Every structure is written in C-alpha cells, then in structure tokens.
Amino acid sequence: MKAILVNDNKSLRWDNVPDPIIKSDELLIKIEAAALNRADLMQREGDYPPPAGCPEWMGLEVAGEVVEIGEGAKEKSNWKIGDKVCALLGGGGYAEYVAVKYDMLMPIPKNCSMIEAAAIPEAFATAYLNLFIEGKIKEGNTLLMNAGASGLASVIIPMAKAFGVRVITTVLTDEIAKNIGHLGADRVVVTTKEDISEVLKAELEEGHGVDVAIDCLGGEIMGKCIHYLTHGARWIMIAALAGTKTEIDLKNIYVRNVRIIGSTLRSRTPETKAEILAGIVRDVYPKIEAGLVKPTIHAVLPIQKAEEAHDILYQGKNIGKVVLTV
C-alpha cells in the first residue's frame, strides 16, 4: 500500500510501505478520509513520536470501511465486514489501510459523511476528555475556549453549547469572529481590541466567571487570566502555542482552589481511550444525530496534497478541520 512519509528535509511524499498485518484483536480498515491535527505537524517536525507499535507515518483519525477482522475482534465485538466506521489511532492514518483495535472504532453517525466522520475521533475525543472527564463541566457552567478558530474549538464550542454550557472564546480579528459565528459562542473576544484578562475579570465581577478553561496557547497571558476564575475552577493546558512560560500568583491559586491540569489524549492508555470513545457514542452521538454538534470542515484535499494541507494549518488559515481523501 501507499502512505505519506516524511523526507529528511521534512517535506512529504506518497510512497510504498508494507501492508498492515492485523493482530487477533484488530480490524483492517480501508481508509477513505483522514483528518489533520496539529499533532501531525509536531510529529513531522520530530517533536511528537508515535507510541510504540504504531506506524511511523502520521494520522490520528480516519473514516473508512472494515475489510478484515481478526478472530479475537470477532469474539469481542459486533463489527462486520463492510461496516462504515471512524477510528482513533496512535498513528498511521495517512495511508490506504490501517490496522485498528476493535474498541478504537465508532460507527459513522447517521447524518455524517465520510469526510465529516473522519474529523470526529481525535477532536471529539479530546473535547470529551477535557470537557467532561478533566473539566467535569456541568450545565450552566461557563467555559473559556481559547483560539476559537482552531479545529478543536470548532468541536468544543458547539459540544459545550449542546450540553447547556455558556462559552467565551478568543480570536485575533473581527473577520475571524464573523467566520466562527455559526459555532454559537456566547462571547467572542477579539484580542487585538480587548484584553482577555480584563474581560474575564469583568465576567467574574458580574457573577458568571469561568468554571473551566481549555487552553492551547499558554504564554504570558495564561498567568494573567488564571486570576479571574470561579472558586474551584479548572484550567486545562493542552498545548502552549503562545509560549511555555508564564507568571502566576500562587496565592490566588490556593485561595480560589483553582486546579491547573495538563492534558493530552495521545498519552492516555488504550483502555482510557476506549472508555472515551464509548462515552462519545453514548452521550454525544445523540447530539450529533440531532444536528446540535457537527464537525466544521474547512478544506478537503486528496492525500497526495498532504503538504499543501499541512500548510493550511501551519499558516493558521483554517476555520475548522482539514481532511485528506484517499
């Protein structure tokens, strides 16, 4: 089969690789679409190696068709040849086929295309993990979701809204604010015009401060913002695109019982990931099938143009997810 490989100069090529050989508890998926994540860029740069046993090529989420089932997978699951599925991977999605453990698969939601379904596993699992497991968010809470134009925000914002959460998000320009209007955030802060820490201070003084923050930016502004949260709030760090260092008033942290939580999906055990996927099918799929939550697709390109697709993410041009078709 073919897969996207990284050359020594970090460019990409579509080249031959060995066909996957499934284990007893795995299924072979013929990939129809693979969605991009920022982790793919990090892996391409050599900063985010795949877990042991995973293919060397990138790709954390795909959609496709079951074409082979191991004996153990037949005994432990109800999957059948020909089932249309989406899958969460440790790696290996930028390819024609991938071997997947039976509990890393989900059915395609009733009203989703293959392209939309490919954008579900990684982003929805990250959203579910950080909203409900780490964030313990509840109806009536307020969420701060930084970087409102990101692919992850395009999932987290409508998912939070579907569960009755008030959402504040940040963007850089009025144009971007307009472009994410369909996500339904209650307050969109254009940070080139407003100081987000002052906004959060005012929100807290008005009685509806932030209960959960999901932050992929970090940097200096994180330390300024974390002072203005509700008592017992959770600030969840999932990346640090704006810088890895900040200054925090520690007294404010313990007086307010604020928790700073570091969180990545890829580092979780397979058992935890399987529980997250089962939670998505149980809790979130009804919202998807009711039309309350749906992946936002920014661009669709053939997999041979993976480098062009990566450039969209590198340049921050995407509003929502970028998907490759195979």
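Is Asp 83 buried or exposed? Select Asp 83 in this predicted model and take a look around. With a relative accessibility of 16%, Asp 83 counts as buried, because buried means under 20%.

**Stop 1: around Asp 83**

Asp 83 sits in the loop that runs between helix 2 (71-76) and strand 5 (84-88). Show its side chain and you can follow it to the backbone nitrogen of Lys 80, at 2.7 Å. Now add Gly 64, Glu 65, Val 66 and Asn 78: Asp 83 touches these residues, leaving aside those up to four places away in sequence. Next, pick the C-alpha atoms of Asp 83 and Ile 108; they are 9.0 Å apart, although the two positions lie 25 residues apart along the chain.

**Stop 2: helix 5**

Move on to residues 153-162, which form helix 5. Here 9 of the 10 residues are buried, so helix 5 is largely enclosed by the rest of the structure. To see them, select Ala 153, Ser 154, Val 155, Ile 156, Ile 157, Pro 158, Met 159, Ala 160 and Ala 162. What do the buried residues of helix 5 pack against? Colour helix 4, strand 8, strand 9, strand 11 and helix 10, and you have the partners. Before leaving, click on Gly 164, just after helix 5, where phi is positive at about 80°.

**Stop 3: helix 7**

Now select residues 196-205, helix 7. Its buried residues are Ile 196, Ser 197, Val 199, Leu 200 and Glu 203. Look down the axis: these residues cover an arc of only 155°, which puts them on the same side of helix 7. They pack against strand 8 (142-145), strand 9, strand 10 (187-190), strand 11 (210-215) and helix 8. Gly 207 follows helix 7 and has a positive phi, near 95°.

**Stop 4: the largest pocket**

Time to turn to empty space. The largest pocket has a volume of about 1,200 Å³. To centre your view, select Arg 38, Ala 147, Ser 150, Cys 216 and Leu 241, the closest to the pocket's centre among its 50 lining residues. Two or more lining residues come from each of helix 1 (38-44), helix 4 (121-134), strand 9 (166-171), helix 6 (174-179), helix 8 (219-225) and strand 15 (321-325). Which element gives the most to this lining? That is helix 4, with 4 residues. If you colour the lining by class, expect 28 nonpolar, 16 polar and 6 charged residues.

**Stop 5: the second largest pocket**

The second largest pocket has a volume of about 690 Å³. Its lining has 29 residues, and those closest to the centre are Glu 26, Gly 53, Cys 54, Pro 55 and Ala 99. Highlight strand 6 (97-101) and helix 10 (270-289), each of which supplies at least two lining residues. Strand 6 gives the most, with 5 residues. By class, the lining divides into 17 nonpolar, 4 polar and 8 charged residues.

**Stop 6: the cavity**

How many cavities of 30 Å³ or more does the structure hold? There is 1, and the space in the largest cavity is about 30 Å³. Select Leu 60, Leu 88, Leu 89, Glu 122, Leu 265, Arg 266 and Lys 273 to display its lining. These residues comprise 4 nonpolar and 3 charged, with no polar residues.

Conventions:
Residues numbered from 1 in each chain as written. Predicted model: local features only at pLDDT ≥ 70, side-chain atom pairs only at ≥ 80, totals over all residues. Heavy atoms only, no water. 1 Å grid on protein atoms, 1.4 Å probe; cavity = no way out; pocket = protein on both sides within 12 Å on 5 of 7 lines; lining within 4 Å. Points joined across faces, edges and corners; volume = space filled by probe spheres on them. Nonpolar A, V, L, I, M, F, W, Y, C, P; charged D, E, K, R; others polar. Buried < 20%, exposed > 50% of the residue type's maximum accessible area, 1.4 Å probe, protein only. Contact = heavy atoms within 4.5 Å. Polar contact = N/O pair within 3.5 Å; in protein donor to acceptor, adjacent residues only side chain to side chain. Arc of directions from axis to C-beta.
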